[in-house]
Amino acid sequence: MSAYLLRRLAQSLLVLLGVSFVVFFILHLTGDPALVLLSPDATAQDIQEFRETMGFNDPFLVQYGRFLGGALRGDFGRSVRHDEPAFALVAERLPATLELAGAALLIALALAIPAGIVSAVRRNSAVDYVSTVLALLGQSMPTFWLGIMLILVFSVWLHLLPSSGRGTLEHLILPAVTLGLFTTARITRLTRSGMLEVLNQDYIRTARAKGVAGPPVVWKHALKNAAIPIVTIVGIELGTLLGGSVITETIFAWPGVGRLSVQAIYNRDYPVVQAAVFLLSTTFVLVNLVVDMLYTYLDPRIRFR
Amino acid sequence: MTPPAPSAGARALALEAHASPVRREWLAFLRRLARRRTALFGLCVVAVVFVLAVGAPWVTAWDPTEQDIGSRLRAPGAADEAGRVHLLGTDHLGRDLLARIIFGARPALMVGFAAVAISGLLGLVLGLVSGYFGGRVDDVFMRLADIQLAFPFILLAIAVIGVLGPSLPVIIVVIGVSSWVVYARVVRSEVLSIREREFVQAAHALGLRDGRILVRHVLPNTLTPWLVVATLDMARVIVIESALSFLGLGVQPPTPTWGGMLADGRVYISTAWWLATFPGLAILVTVLGINLFGDGLRDTLDPRLKV
């Protein structure tokens, strides 16, 4: 493993440490975590006892150390609402969220990369205009509105697709399209501008001059170089998708981490909120680590930096 | 006899001559911007939304919070007994939808401007310091930026707002404090190249202090990319504000918010399609306008900028 990857790994660990601190800090925002966790009608004595048993009277750093130790073992305390370990509750829902985010990403890549390439290759053609306008609309459309409109058209009016729940492929279509739209728009625009930039480079002209024509130039010479910014944005977009799942899952009653955390916030079930934020952030950090490894394959220059 | 004082006209002329290089640059910029029709269109949309938000009470005859259970869920175009027309229909409490959409622009723009001001200022300062001094300071801020970017933002925002309770200041501060990264990165990368330029080195050689160099010589040159980021970020913030109100964590009722109206409309989706449709269109049009303007601004000011 190169020094670059080692440094990158250390950096990811540092980021996770920061994440854990912020997650820990959420409960201390109001100044008194006991008041946040207990119901408003708890007596002064209840609060005092609760503070003692939870260790809220200890110094701040001691509490953080304890939280971090627990977090590393997957222990975020028990859910106030469900009386189950918070982490288990969240981990149980993670596959559903990953399924949704994965499907959304697949849709986005399948639509955006061809659209972006065609737009760039046939610049200023009708195809280019249509895809550019659609991408701009997609980037400006709030996902929750799109979700509701899709339900209105495909569930309420046409009775074609279910509006909520998880199970069959049909259940996945509307939420995945909703969640993937913004990412599709982003990647389309990025692919287009990336390809345009690369297609103007000297080595493409050289390839063309040497007689390599048409599609091979686009695929072999241009796309691999245009792929570098696309791969980066895919990593970042996965964060958007994981975060966006909060809203999409709420609209479509999709039983994932996002919906669970919104409900947990309504129920003031903070151990679950902490576990959910921590788990989603960790997923995101790991994905970005993988993306960076892909990067060194695509762009060998990075290995020597 | 005292010589006659120079007339106001002559003074203005002198002032104009003095300011002309800068003004000419601005005029050239405005002319180039005006040539981008989509950007101009975006600016017009934003201006209209802004004027409607400010003049809301004079634009619509309806009170956005006035309930009329007798005429609930009326379709667009329905009139009440007095003959007044509900152009976009009424909601589940009989409130005029159009009036609520117009008034809903207020929290959206308010959160947009205030949050962008906070994050923009924060990002500007951190980016300037980070890029100019480099070294340890830079490392710390950029790692902080990585941590920030590692968060599914909306989840963190709802967690924090859930604990603190939703209110206008909380929403503004949460969005503002958590959006500085893009500004800091763009400003920093700009500073990295500016600090190597001759005029900065000359200022150093003349013995100017770092603080003065930063403010007088570096800062003005970072404002262009900063403005582009701020414009595009405003669009993002407005979507976030409406997402938070959609989840019930935005500005609380009875104040009308676009997101809150969408959440109400979602319940009546099978009986009253207009409830969820029009507030969403309002968000779409506003955000699209800002994005068009921002894109045009970027292409005019600095085509190389990738934001």
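Reading chain A from the N terminus on, the elements run α-α-α-α-α-α-α-α-α-α-α-α, and the count for this chain is 12 helices and 0 strands. Please keep in mind throughout that what we are looking at is a predicted model.

As for the overall dimensions, the C-alpha trace of chain A spans about 85 × 60 × 30 Å along its principal axes, and of its 305 residues, 39% count as buried. If we take the contacts in chain A with a separation of 6 or more, 72% of them come from residues that are 24 or more positions apart.

Arg8(A) gives us one such link between distant parts of the sequence. This residue sits in helix H1 of chain A, residues 3–26, and its C-alpha atom is separated by 7.4 Å from that of Leu289(A), although the two are 281 residues apart along the chain. Leaving aside residues up to four places away in sequence, Arg8(A) touches Leu289(A) and Asp292(A). Why is Arg8(A) classed as partly exposed? It has 18 other C-beta atoms within 10 Å, and because a residue needs 20 or more to be buried and 12 or fewer to be exposed, a value in between makes it partly exposed.

Let me turn now to a pair of helices, H5(A) and H8(A), whose axes come within 6 Å and cross at roughly 35°. That crossing is right-handed, and the residues of the contact divide into 23 nonpolar, 7 polar and 1 charged.

Both of these helices meet us again when we look at helix H6 of chain A, residues 126–140. With 15 residues at 1.5 Å a residue, H6(A) should span 21 Å, and its end C-alpha atoms are indeed 21 Å apart, so the expected span and the model agree. Which residues of H6(A) are buried? They are Ser131(A), Ala135(A), Gly138(A), Gln139(A) and Ser140(A). The buried residues of this helix pack against H5 and H8 of chain A, and also against helices H10 (210–246) and H12 (274–301) of chain B.

That brings us to the contact between the two chains, which takes 38 residues from chain A and 34 residues from chain B. On the side of chain B that touches chain A, the elements giving two or more residues are H5 (135–149), H6 (153–164), H10, H11 (258–267) and H12 of chain B. Among these, H6(B) gives the most, with 10 residues, and by class this side of chain B has 26 nonpolar, 5 polar and 3 charged residues.

Note on methods:
Residues are numbered from 1 along each chain as its sequence is written. Chains are lettered from A and ligands numbered from 1 in the order in which they are written. This is a predicted model: local features need pLDDT of at least 70, side-chain atom pairs count only at pLDDT 80 or more; totals for chains, interfaces and linings use all residues. Helices (H or I, at least four residues) and strands (E, at least two) are DSSP runs, numbered from the N terminus. The expected span of a helix is 1.5 Å times one less than its number of residues. Two residues are in contact if their C-beta atoms, placed from the backbone, lie within 7 Å. Axes are lines fitted to C-alpha atoms, for helices over the stretch in contact, and angles run from 0 to 180 degrees between N-to-C directions. A crossing is left-handed if the near helix is turned anticlockwise from the far one by less than a right angle, and right-handed if clockwise. Ala, Val, Leu, Ile, Met, Phe, Trp, Tyr, Cys and Pro count as nonpolar, Asp, Glu, Lys and Arg as charged, and the others, Gly among them, as polar.
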